[in-house]
Structure formats: structure tokens, C-alpha cells
Amino acid sequence: MTVLCILAAFLCFLYCFIVFRIRSGNRFYLIWALGGLLFLGVAAVFYYDLWARFPMPLRRGIIGVTAVGVILFVVAEGCIFAHYGDKGRPDLDYIIVLGAQMKPAGPSVVLKFRLDAAYEYLMANEDTLCVVSGGQGSNEPCSEAEGMYTYLVGRGIAPERILMEDQSTDTSENIAFSAALIGGTDKDVGIVTNNFHVFRGVMLARHAGFENACGISARSNIFFQPNNLVREFFGIMKDLVCGNLL
């Protein structure tokens, strides 16, 4: 068990370093360094036989917290994968493209995947309108909405089919501000985002009042998927605690 924990720690540190070198756009990769330290701590407990020295209440508490954490993680990931390949319904009134990082050269890879999925849907459903949603971060050359508008128009989508929401800073605001721009929540909408993010996007939309919201899944970079899936778990837990998914 000690060897397995040390190996797990090594893999966590290695993945953290690789994601850091590739630059994922955020610092969540540091969770893997924390995981590596945790596995080293567990390895020390096994190696020095410290577990037997822990008081029984502490041992039970650790086992209980770990079990609850594992159950929550499995349930959350199951919900994520249940919506992993959602393709929406035809002839929706609107699609809402959730923002992601804009770079000086254009949309990030994550955002480009979302825009390509939106483009394909808009080409197949000519009466559907599109809301591009996302404000401007401190490290972005323009608002995400403006960058998305430019990209879609450049690919041939008519400008009059695209509405820009350029004030939101997170997914909840993406949905709420887009609803205000649309003029209410009585429309049929599709939430366009990367596959790992569809479940939360749709649940947030339904919580905001879009009862018939559905997901339109875009690709994601398979290499970053472990990081994305763990990050999304914490996002789901945060929204549950804040009451955004109920």
C-alpha cells in the first residue's frame, strides 16, 4: 500500500507539472500538487504504522469523511457523464454559448470547441438565435462575447442572429444575464458548453427558470479531462451549497 501511495503521489505531481507547463488558463492544476502531498502523507501513515496509534473516534471520522467524499464524487461524475454527449433538440428558440478564455490570437481551444458546436447547430437550425455570453477578464484582450461574435460572424453566421451578453463573470451570471437579454425564461434554450460542463450548465439554466433547457455538448481536450472533471466536481458542490442547482 505504501508503494501504491507513493506512485499515486508521483503521478499527481507529474500531472500538475505537465498541466502547468502547457498552461491551462487557470491555477486549479495546483489541486494535483495537494493530492500528491496527501498521498505522501497516507504513505507515511502506512510506512510508520501510525494508523493504529490514532484514537478510534479519529479513525472513524477519517473513514466516514472519506466514504462520503467518494460517494459524492461518484454521484457527481455520474451526472456529468450522463449529459456528456447531449446534442440538444432541433429548432430551439435560442442557444446560449457559455464563455471561456479569450486570448490575443482569438478564442482559447476550450472556447473554440464551444463555438464550433454552436456553429454546427446554427447551420442546421436556421431559425435559432444565438446568445454569446461572457465578460472581459483582466487577462483578456476583449470581452468573451465580443470575441465569440467575431468568430461566428467570420464563419458566416448572420450578425442579426447573434446577441452579445458581455457583463457576466461566471456560469450563473452567463445564464441570468442571458435570460434578461432574451427577455424572459419562457423560451426553449440550448446551453452550449464543453462535455464535462453540460450537466451543471443545464441545471443552472433550469434553476434560473428555463424549464425546458437542454444541453449541446462540445468537445474538450482529452489530456486536460482529469483536471476538468475534478474541477467540475468542486463546481457542482459549490453550486449545491449555494442553492443554485435545487
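**Stop 1: two loops**

Start with D49, which sits in the loop between α2 and α3. This is a predicted model. The phi of D49 is near 55°, a positive value in a residue other than glycine. Most residues other than glycine have a negative phi. Now jump to D91. Its place is the loop between α3 and β1, the strand at 94-98. Here too phi is positive in a residue other than glycine, near 60°.

**Stop 2: α1 against α2**

Select residues 2-22 for α1 and residues 30-47 for α2. Two packed helices are described by the angle between their axes and the distance between the axes. For α1 and α2, the angle is about 165° and the axes lie 8 Å apart. An angle over 145 degrees counts as roughly antiparallel, so α1 and α2 are roughly antiparallel to each other. The crossing of α1 with α2 is left-handed.

Show the side chains where the two helices meet. On α1, pick T2, C5, I6, A8, A9, C12, F13, Y15 and C16. On α2, their partners in the contact are L30, W32, A33, G35, G36, L37, F39, L40, V42, A43, F46 and Y47. Colour this α1-α2 contact by class: 18 residues are nonpolar, three are polar and none is charged.

**Stop 3: the second largest pocket**

Keep α2 on screen and turn to the second largest pocket. Its space comes to about 940 Å³. The lining has 22 residues, and G35, L38, F39, T66 and V70 are the closest to the centre. Which helix gives the most to the lining of this second largest pocket? That is α2, with ten residues. Helices that each supply at least two residues to this lining are α2, α3 (56-82) and α8. By class, the lining of the second largest pocket holds 18 nonpolar, four polar and no charged residues.

**Stop 4: the largest pocket**

Move to the largest pocket. About 1,100 Å³ of space lies in it. Select N26, G99, A100, Q101 and R231: of the 38 lining residues, these are the closest to the centre. Next, highlight α4 (109-124), α6 (171-182) and α8 (225-241), each of which supplies at least two residues of the lining of the largest pocket. With seven residues, α8 gives the most to this lining. How does the lining of the largest pocket divide by class? Six residues are nonpolar, 21 are polar and eleven are charged.

**Stop 5: α4 against α5**

Hold α4 and add α5, residues 144-154. The α4 and α5 axes lie 10 Å apart, at an angle of about 45°. The two helices α4 and α5 are therefore oblique to each other. Their crossing, α4 with α5, is right-handed.

For the contact, select L111, K112, L115, D116 and Y119 on α4. On α5, add M148, Y151 and L152. The α4-α5 contact holds six nonpolar, no polar and two charged residues.

**Stop 6: α7 against α8**

Finish at α8, with α7 (residues 198-208) packed against it. What is the angle between α7 and α8? About 20°, with axes 10 Å apart. Angles under 35 degrees count as roughly parallel, so α7 is roughly parallel to α8. The crossing of α7 with α8 is left-handed.

Pick out F199, R200 and L204 on α7, then E232, G235, I236 and D239 on α8; these residues make the contact. The α7-α8 contact divides into three nonpolar, one polar and three charged residues.

**Before closing the viewer**

Go back to α8 once more. It supplies at least two residues to the lining of the largest pocket, and at least two to that of the second largest. Show both linings together. The lining of the largest pocket includes eleven charged residues, whereas that of the second largest has no charged residues.

Notes
Residues numbered from 1 in each chain as written. Predicted model: local features only at pLDDT ≥ 70, side-chain atom pairs only at ≥ 80, totals over all residues. Heavy atoms only, no water. Axes fitted to C-alpha atoms, helices over the stretch in contact; angles between N-to-C directions. Helix = DSSP H or I, 4+ residues; strand = E, 2+ residues; numbered from the N terminus. Parallel < 35°, antiparallel > 145°, perpendicular 65-115°, else oblique. Left-handed = near helix turned anticlockwise from the far one by under 90°. Contact = heavy atoms within 4.5 Å. Nonpolar A, V, L, I, M, F, W, Y, C, P; charged D, E, K, R; others polar. 1 Å grid on protein atoms, 1.4 Å probe; cavity = no way out; pocket = protein on both sides within 12 Å on 5 of 7 lines; lining within 4 Å. Points joined across faces, edges and corners; volume = space filled by probe spheres on them.
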